[in-house]
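Here's a quick tour of a binding site and one of the charged pairs found there. Have the viewer open as you read.

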Amino acid sequence: MHVIGGQASTALAERISRELGNAPFAIPFVKRFPDGELYVRVGGRLAGEDVVLVQSTRTDQDVVELLLLEDAIREAGARRLTVVVPYFGYARQDRSFYPGEPVSARCMTRHLELSADAVVTVDMHSAATLQSFTKPAFEASGIPAIARLLRERPVDLLVSPDKGGTDRVRRMALLLEKPWMALEKKRIDSDRVELMLPSASPIELEGKHIVIVDDVISTGGTIVEAAKLLRRHKVGATAAACTHGLFLKDAFERIKAVTDDLYSTDTLQNPAEKASVAPDIAQILRKDVAELA
Ligand code: R5P
């Protein structure tokens, strides 16, 4: 199996290749033409080989690079191409909310799977989007990676910033054998949220080491409000953990100002990536994808 890392996921791709027993790893050549178009070239002998291409699609450039790399790998004669998209962009527009809108998530699945034999992603925004792939598609979770990291740190209580994250925090709590709680969240607008402690069965917070667990940190508004709320209840320490760390604008600094620690997985390259999903992706490649052959 050959592993190729696009510009958005180079370090994670190399970690995956190591998890696969030091599978041959390559970084493609990428440049821009004077008119702004992207140019890519993959090296190595890929004819007849099983190739894994790793590229998160946070930006439009990432999407175009991924499409071009898929085509280049096919041109090079790969036998099987598995596309790993650790952070799958455009996933949040998973339905047409107003007349005239696209279902952006489905549009992306259709196009990104075109040259692929199988797709692997991590903590996708919705199950419906995962199901919209027509090729075999597998989802890894960021929860085991964060749990591996948190085992080495003091944790008394795991907190989800909203009820939607209940399954996630419950799963993490099971792995770490710790209690959990879900806050109540009201979104005021795309940048502002209001959070409250759950009214039923309040848990004692004073002096506790708390980790707030979310799937995505985007503007940071949710985590900042959650951390401020917990601090008002005199917790001992607050950390935040997420699978996908987008950290838009000054989110990173705003969160650091109100928490004691910040952890993200490596689905996106960012200053908080301390937990790797490479073992979890490699396991899917070794088991589920290999079984398709
Ligand atoms: C929302 O349902 C998600 O789980 C995250 O809580 C949300 O996307 C985080 O966004 P932000 O960092 O902008 O508050």
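## Salt bridges

A salt bridge here means a side-chain nitrogen of Lys or Arg within 4 Å of a carboxyl oxygen of Asp or Glu. By that rule, this predicted model holds 14 salt bridges.

One to pull up is Lys185 with Asp162, where the closest N and O atoms are 3.3 Å apart. That pair ties together distant parts of the chain, 23 residues apart: Lys185 is in strand β11, while Asp162 is in the loop between β9 (157–160) and α6 (166–176). As a rule, side chains of opposite charge can pair when their charged atoms come close.

## Who surrounds the ligand

Both partners of that bridge also turn up around the ligand, along with Arg187 and the run Asp214, Asp215, Val216, Ile217, Ser218, Thr219, Gly220, Gly221 and Thr222. Sorted by type, the shell has 5 charged, 5 polar and 2 nonpolar residues.

## Contacts and pocket

Which atoms get close to the ligand's oxygens? A polar side-chain atom of Asp214 is 2.6 Å from a ligand oxygen. On the backbone side, a polar atom of Ser218 comes in at 2.7 Å from an oxygen of the ligand, and one of Gly220 at 2.8 Å. On its own the ligand would expose 370 Å², and the protein buries 83% of that.

The ligand sits in the largest pocket. Elements giving two or more residues to its shell are β11 (184–187), β13 (209–217) and α7 (221–232), with β13 supplying the largest share, 4 residues.

Notes: Residues numbered from 1 in each chain as written. Predicted model: local features only at pLDDT ≥ 70, side-chain atom pairs only at ≥ 80, totals over all residues. Heavy atoms only, no water. Near = heavy atom within 4 Å. Polar contact = N/O pair within 3.5 Å; in protein donor to acceptor, adjacent residues only side chain to side chain. Areas by Shrake-Rupley, 256 points an atom, 1.4 Å probe, with all protein chains shown as cover. 1 Å grid on protein atoms, 1.4 Å probe; cavity = no way out; pocket = protein on both sides within 12 Å on 5 of 7 lines; lining within 4 Å. Sits in = over half its atoms within 2 Å of the grid points. Nonpolar A, V, L, I, M, F, W, Y, C, P; charged D, E, K, R; others polar.
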